[in-house]
Amino acid sequence: METKELDFKGLRVNGFVALFLHLIVLSAMILSAFIIGVNHSAALVIVAIILSVAWFILIAGYMQLEPNEARTMVFFGKYKGTFKETGFFWVNPFLDKKKLSLRARNLDVEPIKVNDKIGNPILIGLVLVWKLKDTYKAMFEIDAQTMAASAAGVGNNRQASGGYAVAGRMNAFENFVKIQSDAALRQVAGQYAYDDNEADKEELTLRSGGEEINEQLEQKLNERLAMAGMEVVEARINYLAYAPEIAAVMLRRQQASAIITAREKIVEGAVSMVKMALHKLSDEGVVDLDEEKKAAMVNNLLVVLCADEAAQPVVNTGTLNH
């Protein structure tokens, strides 16, 4: 998506140079006030007034920026560019310098209830890392300023012009990201089943998808946040469970599946052991068994090997021919 962000090309002066000029103006103000006290001159009064106005104008133009900070420069409602150079500067004091943070921020989205692909209600949550990428879109494409002003409270000048204003804007952006991440999470979760489908064991699921599901989630989030000039650096599902109303039933289903799998292994091993026993008895000539006796022996061995409890042996004191 095309960006409208511009680099600020207006007047900028090193802050320390401007501070030195500011001190000169202050000294001239003090000197003119002293002279006026001795010699009441109308011309000196006018000069003193001009110097005072210049002093107040100069003091409003200072600003400083730390790494990964930016200021959008607005001149009486017209966007003049974004200032990203770090350091101490003096610029046109009539510019409205809106401060923004370009640093990465974490957002832990609380688990929400959604329906998966086959309609099962599940709880799913995510954690993501995001940051501002386009300051123009963040400030002017969404109504973050109104949201920030509402959160900060009307009439609080300190919040309107100081650090609280930055926090208010960033909280408004975070709220926007939170709402969009909720929508993206519902969209992605609805495309996949929670667990393996009996009909298709190879189908991608939320539980087994891993990186592929996370990549799709990150892609959907970036599509939704592009209009606001925000970028998702990383997104990960950090909570996944069945909703409470079906959790007990699904637990029994998982237990049944585990029992069936275990039984299959037990039967497979038991058949292999019975087969080995019959071959051993036959090859070494220990005993000659007819088909009926083989069937009885196979039955007894399978009962012993597949039983949940230890078998109770019954000693036959007769003979095989009996």
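Start by selecting β7 and β8: they form a hairpin with five residues between them, and in that turn Gly119 has a positive phi of about 95 degrees. Helices and strands here are DSSP runs numbered from the N terminus, with at least four residues of H or I for a helix and at least two of E for a strand. What you have open is a predicted model, in which local features need pLDDT of at least 70 and side-chain atom pairs count only at pLDDT 80 or more, while totals for chains, interfaces and linings use all residues. Residues are numbered from 1 along each chain as its sequence is written, and side-chain values use heavy atoms, with hydrogens and water left out.

**Stop 1: the hairpin strands**

Stay with the hairpin and colour residues 105–115 (β7) and 121–132 (β8). The two strands run antiparallel and are joined by nine bridges; strands count as paired if DSSP finds at least two bridges between them. To see one of these links, pick Arg105, whose bridge partner in β8 is Trp130.

**Stop 2: the core**

Keep Trp130 selected and add Leu128, Leu132, Phe173, Leu217 and Met230. These six have the most contacts inside the largest nonpolar core, which has 37 residues. A nonpolar core here is a set of buried Ala, Val, Leu, Ile, Met, Phe, Trp, Tyr and Cys residues joined through side-chain atoms within 4.5 Å. Now show the elements that give two or more residues to this core: β7, β8, α3, α6 (163–189), α8 (211–225) and β9 (230–242). Of these, α6 supplies the largest share, nine residues. In soluble globular proteins, nonpolar side chains tend to be buried together.

**Stop 3: rings around Tyr79**

Next, look at the aromatic rings. The whole structure holds 10 aromatic pairs; rings of Phe, Tyr and Trp (its six-membered ring) pair if their centres lie within 6.5 Å, and planes under 30 degrees apart count as stacked, over 60 as edge-to-face and the rest as tilted. Select Tyr79 and Tyr136: their ring centres are 5.0 Å apart and their planes lie at 65 degrees, so this pair is edge-to-face. Tyr79 sits in strand β4 and Tyr136 in helix α3 (residues 135–140), so the pair ties together parts that are 57 residues apart in sequence. Are these two rings' residues buried or exposed? Tyr79 is buried, at 15% relative accessible area, and Tyr136 is buried too, at 18%. For these labels, buried means under 20% relative accessible area, exposed over 50%, and partly exposed in between (1.4 Å probe, protein chains only).

Add Phe140 to the view. Tyr79 also makes an edge-to-face pair with Phe140, at 5.7 Å centre to centre and 65 degrees between the planes. This pair links β4 to α3 across 61 residues. Phe140 is partly exposed, at 31% relative accessibility. For another group of rings, select Phe8, Phe83 and Phe89, which ring pairs link into a cluster.

**Stop 4: salt bridges**

Now switch to charged side chains. There are 11 salt bridges in the structure, each being a side-chain nitrogen of Lys or Arg within 4 Å of a carboxyl oxygen of Asp or Glu. Begin with Glu5 and Lys84, whose closest N and O atoms are 2.8 Å apart. Glu5 lies in the segment before β1 (12–14) and Lys84 in the loop between β4 (78–83) and β5 (87–91), so the pair ties together parts that are 79 residues apart in sequence.

Move to Arg12 and Glu85, with closest N and O atoms 2.7 Å apart. Here strand β1 is linked to the loop between β4 and β5, the two residues being 73 residues apart. Arg12 is partly exposed at 33%, and Glu85 is partly exposed at 40%.

Then find Glu66 and Arg103, another salt bridge, at 3.2 Å between the closest N and O atoms. Glu66 is in the loop between β2 (62–65) and β3 (69–75), and Arg103 is in the loop between β6 (95–101) and β7. Add Glu69 and Lys99 to see the network that shared salt-bridge partners make with Glu66 and Arg103.

**Stop 5: two positive phi values**

Which loop holds Asn68? Asn68 is in the loop between β2 and β3, and its phi is near 60 degrees, a positive value in a residue other than glycine. Finish at Phe76, in the loop between β3 and β4. Phe76 has a positive phi of about 50 degrees although it is not a glycine, and at 66% relative accessibility Phe76 counts as exposed.
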